[in-house]
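Let's take a walk through this model together, moving from its surface to its interior and back out again. Please keep the sequence and the 3D view open as you read.

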Amino acid sequence: GRFDESLAEFRRAHELGSLRDGWPYPSGRWLADAERIAVLALRAPAVFSGQSVPANAQEMVAFAVIARCRSMHATSARLYAEAFRAEPTLVHDGATNHRYDAACVAALAGAGVGAEADRLDEEARARSRRQAVDWLASELEGWTERADRGGPPDLRAMRDELQIWQLDPDLASIRDEKHLARWPREEARACRSLVRDAQRLLERTREAK
């Protein structure tokens with residue numbers, strides 16, 4: 001969340017890396033992203049309060065990232081949802097993990113984690129957890145379709161992602177039994193169903209030679 005300082009580090013890293021033959025990293029793109037985020041961060045308080053509106057869906061995602069860096073998970077999830085409504089193709093962009101990132105912040109908000117925890121009552125937290133489950137279920141549905149037509153390299157990539165799902169602490173509130181035991185019965189059932197489906201697909205990907 002210290003975007004000016006991070007920009008200076010990205011700039012220095014790009015300068016140093018570019019001097020090396022065969023530098024393999026897209027540090028120029030990282031630097032451009034850091035410059036953009038640092039500029040947008042100046043507008044962030046006005047956007048978060050509703051006094052300013054992002055110019056497009058891509059800006060909404062950028063502000064969602066800024067909110068996440070500041071532990072404003074509910075605001076981040078809201079901005080992701082608005083971005084997906086404005087530009088549905090964002091959730092299907094294979095070069096990004098926007099929907100997964102959105103699910104993570106929604107799950108964190110639903111667990112009462114972060115700077116906005118005191119602003120959310122239990123019903124708002126439950127809605128956030130349900131949104132996280134819906135986003136992950138849609139993600140899993142897309143991966144299952146890809147598994148049906150994909151080869152071993154694609155399955156191995158899915159395996160790596162699904163293993164992250166199992167370990168990512170951001171998803172604990174909709175994955176780990178110690179949390180599920182506290183939620184309403186129907187909500188816990190939906191979470192357990194998602195966990196089982198993800199586990200089945202993971203086992204399928206592990207069979208890829």
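Is Asp-148 buried or exposed? Asp-148 counts as exposed, because its relative accessibility is 55%; here buried means under 20% relative accessible area, exposed over 50%, and partly exposed in between, with a 1.4 Å probe and protein chains only. Before going further, note that this is a predicted model, in which local features need pLDDT of at least 70 and side-chain atom pairs count only at pLDDT 80 or more, while totals for chains, interfaces and linings use all residues. Residues are numbered from 1 along each chain as its sequence is written, and side-chain values use heavy atoms, with hydrogens and water left out.

Asp-148 is a good place to start with charged pairs. Its side chain meets that of Arg-204 in a salt bridge (2.9 Å, N to O); the term stands for a side-chain nitrogen of Lys or Arg within 4 Å of a carboxyl oxygen of Asp or Glu. Because Arg-204 lies in helix 11 and Asp-148 in helix 7, the pair ties together parts that are 56 residues apart in sequence. Helices, for reference, are DSSP runs (H or I, at least four residues), numbered from the N terminus. Arg-204 itself is partly exposed, at 32% relative accessibility.

Now look at another pair, Arg-129 and Glu-187, which form a salt bridge whose closest N and O atoms are 2.4 Å apart. This one also links distant parts of the chain, with Arg-129 in helix 7 and Glu-187 in helix 11 (residues 185-206), 58 residues apart. Arg-129 is buried, with a relative accessible area of 0%, and Glu-187 is buried too, at 8%.

Turning to helix 1, you will find Arg-11 in a salt bridge with Glu-35, the closest N and O atoms being 3.5 Å apart. Here the linked parts are helix 1, which holds Arg-11, and helix 2 (residues 27-41), which holds Glu-35, and the two residues are 24 places apart. Both ends are partly exposed: Arg-11 has a relative accessible area of 34%, and Glu-35 has 35%. Across the whole structure, a search finds 18 salt bridges. Some join into a network, as with Arg-68, Asp-101 and Asp-170.

Phe-10 also sits in helix 1 (residues 3-18). Phe-10 counts as partly exposed because its relative accessibility is 33%. Together with Tyr-25 and Trp-30, Phe-10 forms a nonpolar patch on the surface, with about 300 Å² of accessible area in total.

Let's go inside. Which residues of the largest nonpolar core touch the most other members? Phe-48 and Ile-66 do, in a core of 56 residues. Helix 4 supplies the largest share of this core, eight residues. Leaving aside residues up to four places away in sequence, Phe-48 touches several residues, including Phe-63, Ile-66, Met-72, Thr-75 and Leu-79, where a contact means heavy atoms within 4.5 Å.

Thr-75 leads us into helix 5. Helix 5 covers residues 73-86, 14 in number, and reaches 20 Å from its first C-alpha to its last, close to the 20 Å expected at 1.5 Å a residue. Among its buried residues are His-73, Thr-75, Leu-79, Tyr-80 and Phe-84. The buried residues of helix 5 pack against helix 3 (44-49), helix 4 (57-69), helix 6 (98-110) and helix 7 (122-149). Thr-75 has a relative accessible area of 6%, so it counts as buried. Its contacts, again without residues up to four places away, are Phe-48, Ala-67, Glu-116 and Arg-119.

One of those packing partners, helix 6, deserves a look of its own. Why is helix 6 described as largely enclosed by the rest of the structure? Because twelve of its 13 residues are buried. Among them are His-98, Arg-99, Tyr-100, Cys-104 and Leu-108. After helix 6 comes Gly-112, whose phi is positive, near 75 degrees.

Finally, return to the outside at Val-53, in the loop between helix 3 and helix 4. Val-53 counts as exposed, because its relative accessibility is 64%. Val-53 and Arg-125 are 25 Å apart in space, C-alpha to C-alpha, and 72 residues apart in sequence.

Note on methods
Expected span 1.5 Å × (residues − 1). Core = buried A, V, L, I, M, F, W, Y, C linked by side-chain atoms within 4.5 Å. Patch = residues over 30% accessible without salt bridge, like charges linked within 9 Å, V, L, I, M, F, W, Y side chains within 5 Å. Areas by Shrake-Rupley, 256 points an atom, 1.4 Å probe, with all protein chains shown as cover.
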